[in-house]
Every structure is written in structure tokens, then in C-alpha cells.
Amino acid sequence: MKYVYALAIFCSLILWSSCRNDFEAVPNTGNLEFSQDTIYLDTLFSNIGSSTYNLKVYNRSTEDINIPTVALARGENSLYRLNVDGLPGKQFQDIRVLAKDSIFIFVETTADIQDLPGNDPNFLYTDQIVFDAGANEQEIELVTLVQDAVFLFPDRFDDGTTETLNLGTDGEGDSILIEGYFLDDDELTFTNELPYVIYGFAAVAPNKTLNIEPGARIHFHANSGILVANTGSIKANGTASTYPELQENQIIFQGDRLEPSFEDVPGQWSTIWMTQGSTNNEFSYCTIKNGTLGLLMDSNDGDETLTLNNVALHNHTNNGLWARTGNVYGENVVVNNCGQASLRVSIGGNYTFNHSTFANYWTNGFRSSPAVSLENFLQTGEDMVTTAPLNANFNNCIIYGNELRELGLFDIDGEVFNFNFSNSLIRFEDPQGDFDELPNYDFTNAAFYTNSIFSVDPVFQDTAFNNFNIEMGTSGAEGIGNTATANLVPIDANGTTRDGGSPDAGAYESIAFPEETP
């Protein structure tokens, strides 16, 4: 009898559930709401996939809705790709949205500009996501600017391997290989006609020079960069821009992701490496940003290895500039926002920086290195140390950041360690007196520190956006510069003539900041 009773209950449940309309969906009536009416997928290079963008589709009604069709207007020929509530494709049927709920649609694209009509190096590609049809039809616009570029990449061989560069051998005698290739002679001039996109390391061969023209834009894919071989050179000489906010005559080195969300993301590419023996490397009116290490400069046999003039390096996960036994001259140099030292000098070398700003306001994690680190040695193995004489002069400079001590001096006994900071502003706070007995930090010693001042706020305009203008009337760097040094660099990084009688320290003459709007 109990089995009959259980069966009756089971049948009653089946009949009850069959009468429910909870799981039935009503037809769409064209009243869907969306998180946006147009999706701009930003600029992307030809044949490089975009980021993934999302659209939220809302059902504000109290009933489940069935959308008969969701499709790209161009159908299967569209260059866009969709994922609708977890389903990939370009055309979908019977998409259900629960009452008072929503679904996600994800959008991506990849486009080859050679397949698009016309000969313009920039092409605005559009499509629509179409929901339903007829009187209930609703559309979301899709817009992407596809940009042509010169692509440089290593060869791919039939056996699946990739062209490599041999950097020598490691401690165990094994070859050190990186994906890369030597630039051909007809590739040794980068113009401003099209952007360049580099995969792997583009190398400048011995006795060759890579010339980069004003206004050029150089983009690196992940783990890519430029390598300059022994006796090779790189000359990236931009010019001052008529419209500074556009930087139209500057040369810009950055990653190949053009979306605004990648504008200031460190670590998108590797480095520009001027290897041992490279010579007469020059960078003028350049911005080098968002790499792992901006510039890596190795030693030479007495030639001036690197000259920097009006160069900004920022947003690098390691250093903005790391020079090892380099011979470097810089003026109007600005380095900021690095995960380690903004400027690192090791294994000695010869360095002169005039009217430069070395700042570090890194906020992407813990930073243990000061903004400027000077060393006359390098630990090259467990029991191996390489040393070389150091001669470093900083004139009319600012060394500042968000740590108490932004200057590090690391020398090894028995090796030359000469340095001087003249008419410079340096942040170095030692409230516990930990450095009182260290002669390199004797700030009263005029042989080391000539007319320099310490730990007075330079009042930068906006460190978060790499804006290192200093404020007129309040900056600790105002009026402390040496006139003779200012005469060597009479124009600041903004193109302003320096005050000949009372110049400011750093790359910029002070300005009046605009009043903040309430």
C-alpha cells in the first residue's frame, strides 16, 4: 500500500510541475537594455588580436525572455568574434535571458588591413550585433580602427624552430640563445611613414647603424626588443614637437598593445640593449616606456657609448637605465616609475648628467632600490665580483621619490669610486642616523656634495602621470642651479629658455600650475 501511496505522490508532482510556467520564456518584444550602445575596440595593428571587450544585455521584465536570434550583421564574414553567454560563434538562436537578470556578450577581433578595401594605412572597420529582427530588432555598433605597420620578426623554419641570436655561453659552456635576427641593410632606417612592430630581438650587426627618424613609432611585442652588437650603433634622433601634447616629432618606443588600458602598464616588452663594444649610441627627443628595462648599456673601450638628450624613460619593471661600465652623457633626461632603481650604474664607468630628473614613485609593488644607485662592482657569481673605476657627476639634477632615501652609493674597497652632486636636490632622510658613519653620505663634504640641498619637496605636478614639472614659488629645486651648467643646457625639456641668473634644478624650469577646479 505504501508503494501505491508513493507512486501517487510522484505522479502528483509530475502533474504539478507540468502545469508550472516558471520555465517558459515569452518572446522578445524589443525592449532589451544594454550596458553601452557602441563598443569601440580601440586601435589595433593589422593581424594582432584585440583585447576582449564585454557587453551586458539586461532583461528588466518580470518574465524570462527568449531572443530568437543574436548575430553579427556581416554574418560569418565578419572579422569580429562573439561569445554569447558562454557560446562562441557569430550567429546564435534562442538565447534566453532570465527575468530581472542579464547575460554577457564578449567581443574580439583580428583584421588584416591587406584584406580591407582601399589603400589607406588606417581603416575604420565596423559591424553590428543584431538582436532579433523586424519590429523587435535592436543593434549594438562595433567600431575598430585597423592600422597598418612594418612588421619585423625572426624566420620560422620547417622543423618548427625559430631564428635565434647567440649571446655567448653561460657558466656551464652552453650557448645563450634568444629569438632574434640581424636587420638587413634596407631595414636599418626606421621612418615615420608607418609604425614598426618588432617580434623577438631586432639586432644591429657589427659596424652597422640603425637610424630612426623623427616622429617614428616603434612597438614591441612581448619579450621583444632591440639589440646593438659590438661596434654597432643606434641613433634615434627625434626633434622638438610643435604640439608637445601630440609628440609628433618625438620618437616613441612602447609595447604593441594600443588599448588605453595598456597606456602605462610596465613590462610589456623587454629592452633596448646596447651590448659590450657598441658605440656612439644616441637618443634625442625620445620617450621609452612600459618595458622590463628601458635602456641597457654595456661597456666599451673608451668611446662615449651613449648620449641622451631630452629623453623620458618611465614605467619599467626593473630599471629605466642600467649602465655597466658605460660612458654616458645625459641632459634633460627624465626617468620615473621603475620597480627597481630608475638609474642604476654598476661596474663603474664615466657618467655626466646635467639638468636631469631621476624620480621614482613606483606604486605597483614593493621597491627596495633607491631612485639612483651607483656601484663600482657587480656580483657575477657566488664568489666572483667584477670591478671597474667609477666617475659620476650630477649637475643641476633632482633625485627624488616616495621612499625616504633615494640615493644609494655602493663601493668596494680598492676600486676608484668618484662622484659629485652639484647644485642638486636629493631626497635622503636618515632619522635613525644609520648612515652617519659612512663617509660617502657625509653631506657636508663639498668634494661629494657641492651646493646641493636635501629632502625639500620639489613639488612635482603629477607623479602618477609622469609629469615632473615643478611648481613656481614652492619647489625646493627652484633657483638652486649652477649658471655655468645651465648655459650648457639653455633650453629645458619643455622648450623653455632657462633663467640664466637663477636656473632651477632638474629637467624643467618651474611653471605656475593651473588652479584646480572645485
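Begin by selecting Gly232 in this predicted model; the residue sits in the loop that links β20 (225–228) to β21 (233–237). Gly232 is buried, its relative accessible area being 0%. Next, display the residues in contact with Gly232, leaving aside its neighbours within four places in sequence: Ala205, Pro206, Asn207 and Lys208, together with Ser278, Thr279 and Asn281. For a distance check, add Ala323: Gly232 and Ala323 are 91 residues apart in sequence, and their C-alpha atoms are 17 Å apart in space.

Now turn to the nonpolar interior. Select Ile212, Phe253, Ile272, Phe283, Leu374, Phe394 and Phe421, which touch the most other members of the largest nonpolar core, a set of 62 residues. Then colour strand β27 (residues 321–338), which supplies the largest share of this core with 6 residues.

Centre the view on Ile272. Apart from neighbours within four places in sequence, Ile272 is in contact with Phe220, Ile226, Ile234, Phe253, Phe283 and Ile288, and also with Leu293, Gly294, Leu295 and Leu296. To find the second core, which is separate and has 30 residues, select some of its members, including Ile39, Val70, Leu72 and Ile103.

The next stop concerns empty space. Rolling a probe the size of a water molecule over the atoms shows where such space is left. A search of the whole structure finds 1 cavity of 30 Å³ or more, and the volume of the largest cavity is about 50 Å³. To display its surroundings, select two stretches of the lining of the largest cavity: Thr43, Leu44, Phe45, Ile48, Gly49 and Ser50, then Asp256, Arg257, Leu258 and Glu259. Coloured by class, this lining shows 4 nonpolar, 3 polar and 3 charged residues.

Finish with the cysteines. How many disulfides does the structure hold? The number is 0. Select Cys286, which is in no disulfide; the nearest cysteine sulfur belongs to Cys338 and is 16 Å away. Cys286 is buried, with a relative accessible area of 1%. Move on to Cys338, whose closest cysteine sulfur lies in Cys397, at 16 Å. Why does Cys338 form no bond with Cys397? The separation of 16 Å is too far for a bond, because a disulfide requires the two sulfur atoms to be within 2.5 Å. Cys338 also counts as buried, at 0% relative accessibility.

Technical notes:
Residues numbered from 1 in each chain as written. Predicted model: local features only at pLDDT ≥ 70, side-chain atom pairs only at ≥ 80, totals over all residues. Heavy atoms only, no water. Buried < 20%, exposed > 50% of the residue type's maximum accessible area, 1.4 Å probe, protein only. Core = buried A, V, L, I, M, F, W, Y, C linked by side-chain atoms within 4.5 Å. Helix = DSSP H or I, 4+ residues; strand = E, 2+ residues; numbered from the N terminus. Contact = heavy atoms within 4.5 Å. 1 Å grid on protein atoms, 1.4 Å probe; cavity = no way out; pocket = protein on both sides within 12 Å on 5 of 7 lines; lining within 4 Å. Points joined across faces, edges and corners; volume = space filled by probe spheres on them. Nonpolar A, V, L, I, M, F, W, Y, C, P; charged D, E, K, R; others polar.
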